[in-house]
Amino acid sequence: MDEVARLEKLGGSEINEAKKILATEITAMLHGREAAETASETARKTFEEGALADTLPSVEVAKADLEAGIGILSLFVTAGLAASNGEARRHVQGGAVRLNDLAVTDDRRMVTLQDLGAEGVVKLSLGRKKHVLVRPV
């Protein structure tokens, strides 16, 4: 309870540190300390460093599909970031879709092998907090 009282008094930029601590503690209560530490490290790498964390959710896509080109809308559905092409299209139109951290404005955008990053994956993002790595197999 002393820790809660201390965090309660924080303000300004310190509030983000309080959010991190509270998120880790809640995750630990629900999923265990090890899962909380893993989630905390993933969040730190993804949001503070902008790096690709190995623990981000990932989906496998046939390499042949990427060679031929797969539509961004279909890929968002495959990745579980949208329930339908229509929903994915609305996200693109709303400016919430990113491919390898670059905004996607064309809902007809094709994703190909050329979009693979140095890590050999494509990073899809919906908003600031939902990320999925696409791995060719």
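Q: Where in the chain is D101 placed?
A: D101 sits in the loop between β3 and β4, and this placement, like everything that follows, is read from a predicted model.

Q: What should a reader make of the phi of D101?
A: Most residues other than glycine have a negative phi, and that is the background against which a positive value is read. In this structure the phi of D101 is near 70°, a positive value in a residue that is not glycine. Its neighbour in the loop between β3 and β4 (102–103), N100, also has a positive phi, near 50°, and is likewise a residue other than glycine.

Q: Why does N100 count as partly exposed?
A: The class follows from relative accessibility, with partly exposed lying between the 20% and 50% cut-offs. N100 has 27% relative accessibility and therefore counts as partly exposed, and D101, at 39%, counts as partly exposed too.

Q: Which residues have the most contacts inside the largest nonpolar core?
A: In soluble globular proteins, nonpolar side chains tend to be buried together. Here the largest such core has 22 residues, and I72, F76, V111 and L124 are those with the most contacts inside it. Two or more residues come from each of β1 (58–61), α5 (72–78), α6 (85–93), β3 (97–99), β6 (122–126) and β7 (130–136), with α5 giving the largest share, 4 residues.

Q: With which residues is I72 in contact, leaving aside its neighbours within four places in sequence?
A: With those neighbours set aside, the contacts of I72 are V97, L99, V104, D106, D107, R109, V111 and L124.

Notes
Residues are numbered from 1 along each chain as its sequence is written. This is a predicted model: local features need pLDDT of at least 70, side-chain atom pairs count only at pLDDT 80 or more; totals for chains, interfaces and linings use all residues. Side-chain values use heavy atoms; hydrogens and water are left out. A nonpolar core is a set of buried Ala, Val, Leu, Ile, Met, Phe, Trp, Tyr and Cys residues joined through side-chain atoms within 4.5 Å. Buried means under 20% relative accessible area, exposed over 50%, partly exposed in between (1.4 Å probe, protein chains only). Contact means heavy atoms within 4.5 Å.
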